[in-house]
Amino acid sequence: MIKVSFIYKENQLTGFELKGHAESGEYGQDIVCAAVSVLSISTVNGLEQLAKADIRVDSNEQEGGFMQVELAESAIGNAAAQLLLANFKLGISDVAISYSDYIKIMKDKS
């Protein structure tokens with residue numbers, strides 16, 4: 001199961017954390033994993049290239065199953081970054097509703 005946490009500082013969404021594997025299908029056929037991957041990678045690309053936000057990305061590229069993305073202090077007030085993170089939260093929440101056996105939204109982190 002993929003567990004998703006949203007990170008907040010001073011009541012603003014500043015990032016997210018993904019842990020685990022969906023295991024909703026065979027490797028290469030797992031639509032939940034594909035959806036989560038597309039949403040998270042697209043958000044990271046948007047934060048860097050569109051919002052020009054300074055971010056920290058930590059992931060386990062060897063085994064997968066872990067990604068943490070967080071805005072740097074200097075980017076917390078960036079309106080475009082806030083919009084992209086809010087869009088990620090909306091998208092991942094919809095996936096969690098549709099595929100609740102494979103993805104769960106955890107308590108927010110601060």
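Q: What counts as a helix or a strand here, and how are they numbered?
A: A helix is a DSSP run of H or I with at least four residues, a strand is a DSSP run of E with at least two, and numbering starts at the N terminus. With those names in hand, we can place a residue in this predicted model: Asn78 sits in the loop between S4 and H2.

Q: Which helices and strands does the protein have, and in what pattern?
A: There are two helices and five strands. Following the sequence, they come in the pattern β-β-α-β-β-α-β.

Q: What makes Ala51, Lys52 and Ala53 contacts of Asn78?
A: Contact means heavy atoms within 4.5 Å. Setting aside neighbours within four places in sequence, Asn78 is in contact with these three residues. One of them, Ala53, is 25 residues from Asn78 along the chain, with 7.2 Å between the two C-alpha atoms.

Q: How far apart in space are Val38 and Glu63?
A: This pair is also 25 residues apart in sequence, and the distance is 17 Å from C-alpha to C-alpha. Val38 belongs to helix H1.

Q: Why is Val38 called exposed?
A: The word applies to a relative accessible area over 50%. Val38 has 56%, so it counts as exposed.

Q: Why is Thr14 called buried?
A: Buried means under 20% relative accessible area. Thr14, in strand S2, has a value of 1%, so it is buried. Residues that touch Thr14, not counting those up to four places away in sequence, include Ile7, Tyr8, Val69, Leu71, Ile76 and Leu85.

Q: Which residues of H2 are buried, and what do they pack against?
A: The buried ones are Ala81, Gln82, Leu85, Phe88, Gly91, Ile92, Val95 and Ala96. Their packing partners are strands S1, S2, S4 and S5, along with helix H1.

Q: How do you know that the length of H2 fits what is expected of a helix?
A: The expected span is 1.5 Å times one less than the number of residues. H2 covers residues 79–98, which is 20 residues, and the expectation is 28 Å. From its first C-alpha to its last, H2 reaches 29 Å, close to that value.

Q: How do you know whether the radius of gyration agrees or disagrees with a compact globule?
A: For 110 residues, a compact globule would have a radius near 13 Å; the protein has 13 Å, so the two agree. Along the principal axes, the C-alpha trace spans about 40 × 25 × 20 Å. As for burial, 35% of the 110 residues count as buried.

Q: What makes the phi angles of Asn11 and Glu23 worth a look?
A: Most residues other than glycine have a negative phi. Asn11 has a phi near 60°, a positive value, and Glu23 also has a positive phi, near 55°. Asn11 lies in the loop between S1 and S2, while Glu23 lies in the loop between S2 and H1.

Q: Are Asn11 and Glu23 buried or exposed?
A: Let's use the cut-off for exposed again, which is over 50%. Asn11 has a relative accessible area of 78%, so it is exposed. Glu23 is at 64%, so it is exposed too.

Q: How far apart are the mean positions of the positive and negative charges?
A: They are 7 Å apart, for 9 positive and 15 negative charges.

Key
Residues numbered from 1 in each chain as written. Predicted model: local features only at pLDDT ≥ 70, side-chain atom pairs only at ≥ 80, totals over all residues. Heavy atoms only, no water. Rg over C-alpha atoms; globule rule 2.2 N^0.38 Å. Buried < 20%, exposed > 50% of the residue type's maximum accessible area, 1.4 Å probe, protein only. Lys, Arg positive; Asp, Glu negative; His and termini not counted. Charge placed at Lys NZ, Arg CZ, Asp CG, Glu CD.
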